[in-house]
Structure formats: structure tokens, C-alpha cells
Amino acid sequence: MFVKGLVVLFLLSTMLVPAVNVQAEVNSRATVLNTAPTLDSFLSPDDDPATPGVQVINNNPNTNKMVTIIVNVSDDNGWDDVASVTAEITGPSVVEDSPVNLNFDSAVNITTAIYKGSFSMSDHLEGDYKVEVTATDAGGLSGTNSRNFTYAICKLPDLVITDVWNVGNRIYYNITNIGNAPAPRSLSILRVDGRLRGIDLVRRLNSGESSTESFRWYRWYRWRCSPPGDTITVCADFRNRIDECNETNNCRRAVWSCR
Ligand SMILES: [Ca+2]
Ligand SMILES: [Ca+2]
Ligand SMILES: [Ca+2]
Ligand SMILES: [Ca+2]
């Protein structure tokens, strides 16, 4: 009889409980409403850290300058609720890579993940461009965030050493101005195994112009390979007297083994 009573109670409870459960489910769903993603975006590189804002400076408009978009996307429903992240770039001229699909990079915590993407700038008009990033979640809600950058073409000279070779005990090199302005007269130096062994005067070079030069007498030094080999370094613009688009490409290093 007691057991029968329990069974009846149990049956009654299973008939009553579903209604209660449905209500509980509705309530719990109501407390985890879908929320839209929020974003924080960053652009890199900033080629002029001293000037506020992001500057993208292309040393040569015939080459692609890559700009990377890094976005922190947060969604209270979890980072995996985010379905897509895209960026639209607008400015003085059409950016062919726009819109850019950003790819998932890594999760920061349960609600935030990092997305990354990139686009290239080349012979585009100079000026201010806008990158508008949109993240859309599985429920169709979206959030946006935008960043601006200034695009410019470098208008300075840029000296590079493109080749180094020897004829007997004389060392020759080729120097080219790959920049977008004439380079005034400059000095190049030769180091052999790290020691300063030559200084050479280079005439003014126009944009795109090359010159073959060589190191002559310097403190009675004439190059002779010291076994097993020599590290030869030729650097343009000794003492950095010329402002250039790129100051990090001025040296060319070669390791020669003695024959
Ligand atoms: Ca969401
Ligand atoms: Ca800057
Ligand atoms: Ca340079
Ligand atoms: Ca320089």
C-alpha cells in the first residue's frame, strides 16, 4: 500500500513537473539572451611612432605594403558564438583587398578571441583610410569597431648595397638609390672581419640610379683573404648623414672562404 502510494505520487509528480520544467527553461533562457559581439581593433605597422595615429608608409609604391588587422572579439555567449569577422577598408582610392575576412587566431579567455587578417597597399592615393571591422555571431547580431590609418609614399632617398665582389686585392661594390628622391654625396665603408678597412666617397645618385664603386687605399690596407675566410661588410651612408626611407638595409655582408 505504501509502495503503491509512492508510485501514485511519482506518477502525479511526473505529470505536474513537466509544466514546471518548461517554465524553468523559459526563465533560464531569458537570463542568457544572445548578446552582440564587441570589438577592439589594432592596425600594424605604425611606420611613424612619433606621430599620433597609425601611419603606413610605403617605400616603393610598386611594391605591396602589408597592413595587419588584429581584433579582440568578445561575446558574452562565448567566443565560439562568433560566426564571422570581416573588415572593410575605405579611403581616397579603392582598396582591392577589401572586404577582408579575418581568421580566428587564438582564444584569450572564455568570451574573448583574437582574429587576424591583412591587406596590401601599393599605388593607392595618399591620405586617411578607415578600417571598419564587423563581427557577427551565430544569432545574427553584430558589433563594429573602426580604426583609421594614414597612407603615405616615402619621399626620401634609400641607399642599398646590391653587390660586393673583388678583383685581385681590390673590393668593388654596387650602390643603388632605390628611394624616391635624389641621394646627396655619401660615404660607404668596408669592414673586413669587423675591422674598418676602407672609406669611399659616392657621388650624388638620383632616384633609381646605381653606381659601381671600389675601395682604394686606406691606411695602407690592401685586401688579402686571411684563412680560412673573411667576412666582408659594405655599408652605405657612413655616420648616417642622409635621411632615408629605410635605414636598416644599408649594409651587405658576405662570407668569403679563401681559395
Ligand atoms: Ca552572441
Ligand atoms: Ca604613429
Ligand atoms: Ca637605406
Ligand atoms: Ca641614412
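Visitor: In this predicted model, is D193 buried or exposed?
Guide: D193 has 11 other C-beta atoms within 10 Å. A residue counts as exposed if 12 or fewer such atoms lie within that distance, so D193 falls in the class termed exposed.

Visitor: What is the approximate phi of D193, and where is D193 found?
Guide: D193 is a residue other than glycine, yet its phi is positive. The value is near 50°. As for its place in the chain, D193 is found in the loop between β12 (186–192) and β13 (195–202).

Visitor: Is N240 buried or exposed, and what is its phi?
Guide: N240 is found in the loop between β15 and β16 (251–257). Its C-beta neighbours inside 10 Å number 12, and the exposed class takes in 12 or fewer, so N240 counts as exposed. Phi of this non-glycine residue is positive, near 45°.

Visitor: Which residue does a cis peptide bond join to S44?
Guide: The bond in question has an omega of about 10° and is cis. The partner of S44 lies in the loop between β1 and β2 (54–58). That partner is P45.

Visitor: What is omega for the cis peptide bond that joins P227 and P228?
Guide: P228 is found in the loop between β14 and β15 (229–235). The peptide bond from P227 to P228 is cis, with omega about 5°.

Visitor: Why is one side of β10 and of β14 left without a neighbour in the sheet?
Guide: Three strands form an open sheet in the order β10-β11-β14, with antiparallel pairing. β10 (159–167) and β14 (210–215) therefore stand at the edges, and one side of each lacks a neighbour because each has a single partner strand. From one strand to the next, the twist averages 25°.

Visitor: Which residue in β14 stands opposite T176?
Guide: Strand β11 (residues 170–177) pairs with β14 over six bridges, in the antiparallel sense. Opposite T176 in β14 stands S210.

Visitor: Which strands are at the edges of the open sheet of four strands?
Guide: The order of this sheet is β1-β3-β7-β6, and its pairing is antiparallel. An edge strand here pairs on one side only. The edge strands are β1 (38–44) and β6 (103–107).

Visitor: Which residue in β7 stands opposite S106?
Guide: β6 and strand β7 (residues 112–121) are paired in the antiparallel sense over four bridges. Opposite S106 in β7 stands I114.

How values were computed. Residues numbered from 1 in each chain as written. Chains lettered and ligands numbered in written order. Predicted model: local features only at pLDDT ≥ 70, side-chain atom pairs only at ≥ 80, totals over all residues. Pairing = 2+ DSSP bridges. Helix = DSSP H or I, 4+ residues; strand = E, 2+ residues; numbered from the N terminus. Axes fitted to C-alpha atoms, helices over the stretch in contact; angles between N-to-C directions. Buried ≥ 20, exposed ≤ 12 C-beta atoms within 10 Å, placed from the backbone.
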